Amino acid sequence: MSMIGEYARVTPAELDRALGDPEWALKLVIGRMEAESAQRPEPARARCLDVDKAWDALGFLLRRAAFPVDIVHGEQAVPDAEDWGYGPPRYLTPEQVRTAAGALAEMSGAGLTAGVGPEDLARAEVYPAIVWERGEPLDYVSGYYDLLRPFFRAAADEGDAMLIWRG
């Protein structure tokens, strides 16, 4: 089974409730994911988004770029949350989402991957390592990065927070 990077936009009130009742938050997120699976909204309109298995490569590249917010793992743990797949969820506050959206707007997916090749990800043992060992191009990663940009921009514009986990 593979680890998929998952995101859910939540209002500040929903985040407050999620921090006190993580089981409620999981039900909320599952409901939104199921509703959106049939509709497949554009990232700017979506409440949930996944970056498939690109999450670790995104983290590697964003750390390399000194990105100001950890949009791959989240900045804070959801207290007392159970495992949502591969560990408990984490979150970003609305302020952190705004900071991330601003930084995402300044760099394209091509800019994020510039000067880095699959051999660099293989050497760093970035998940899924076999993909990089085969020499797959980083277009897969930059494509998901480019989906995160409008997703975070819409969240920032609406004052949303973000739940982040591996499913």
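The exercises below, each with a worked solution, go through the fold, two helices, a pocket and several loop residues of one protein. The structure is a predicted model, in which local features need pLDDT of at least 70 and side-chain atom pairs count only at pLDDT 80 or more, while totals for chains, interfaces and linings use all residues. Residues are numbered from 1 along each chain as its sequence is written, and side-chain values use heavy atoms, with hydrogens and water left out.

**Exercise 1. The overall fold**

Determine how many helices and strands the protein has, and in what pattern they follow one another.

Solution. Begin with the elements, where helices (H or I, at least four residues) and strands (E, at least two) are DSSP runs numbered from the N terminus. The protein has eight helices and five strands, and along the sequence they come in the pattern β-α-α-β-α-β-β-α-α-α-α-α-β. Next, consider the radius of gyration, which is taken over C-alpha atoms and set beside a globule rule of 2.2 Å times the number of residues to the power 0.38. The radius of gyration is 15 Å, close to the 15 Å that the rule gives for 167 residues, so the protein is as compact as a globular protein of that length. The C-alpha trace spans about 45 × 35 × 30 Å along its principal axes. Finally, take burial, where buried means under 20% relative accessible area, exposed over 50%, and partly exposed in between (1.4 Å probe, protein chains only); of the 167 residues, 48% count as buried.

**Exercise 2. Two helices**

Compare the end-to-end reach of α8 and of α4 with the span expected for each.

Solution. The expected span of a helix is 1.5 Å times one less than its number of residues. For the 19 residues of α8 this gives 27 Å, and the end C-alpha atoms are 28 Å apart, which agrees. Helix α4, residues 94–105, has 12 residues and reaches 16 Å from its first C-alpha to its last, close to the expected 16 Å. Turning to burial, the buried residues of α8 include Y145, L148, F151 and F152, while those of α4 are P94, Q96, V97, A100, A101, A103 and L104. The buried residues of α4 pack against α1 (12–20), β3 (76–77), β4 (90–92), α8 and β5.

**Exercise 3. The largest pocket**

Work out which elements and which classes of residue line the largest pocket.

Solution. On a 1 Å grid over the protein atoms alone, a pocket is an open set of points where a 1.4 Å probe fits, with protein on both sides within 12 Å along at least five of seven lines, and lining residues have an atom within 4 Å of a point. Grid points are joined across faces, edges and corners, and a volume is the space filled by probe spheres set on the points. The largest pocket holds about 380 Å³ of space and is lined by 14 residues, with E36, R40, C48, L49 and D50 nearest its centre. At least two lining residues come from each of α2 (22–39), β2 (48–50) and α8 (139–157), and α2 gives the largest share, four residues. For the classes, Ala, Val, Leu, Ile, Met, Phe, Trp, Tyr, Cys and Pro count as nonpolar, Asp, Glu, Lys and Arg as charged, and the others, Gly among them, as polar; the lining then has eight nonpolar, one polar and five charged residues.

**Exercise 4. Two loop residues and their partners**

Find out which residues D160 and P43 are in contact with, leaving aside neighbours within four places in sequence.

Solution. Contact means heavy atoms within 4.5 Å. D160 lies in the loop between α8 and β5 (161–166) and, at 2% relative accessibility, counts as buried. Its contacts are R9, V10, T11, R47, P94, V97 and A155; the C-alpha atoms of D160 and P94 are 5.2 Å apart, although 66 residues separate them in sequence. P43, in the loop between α2 and β2, is buried at 11% relative accessibility. P43 is in contact with L147, P150 and F151, and its C-alpha atom is separated by 5.9 Å from that of P150, 107 residues away along the chain.

**Exercise 5. Backbone exceptions**

Identify where the cis peptide bond lies and which aspartates have a positive phi.

Solution. Most residues other than glycine have a negative phi, and most peptide bonds are trans. The bond from Y127 to P128 is cis, with omega near -15°, and P128 lies in the loop between α6 (118–123) and α7 (129–133). D52 has a positive phi of about 50° and sits in the loop between β2 and α3 (55–64). D80 has a positive phi of about 60°, lies in the loop between β3 and β4, and is exposed, with a relative accessible area of 73%.
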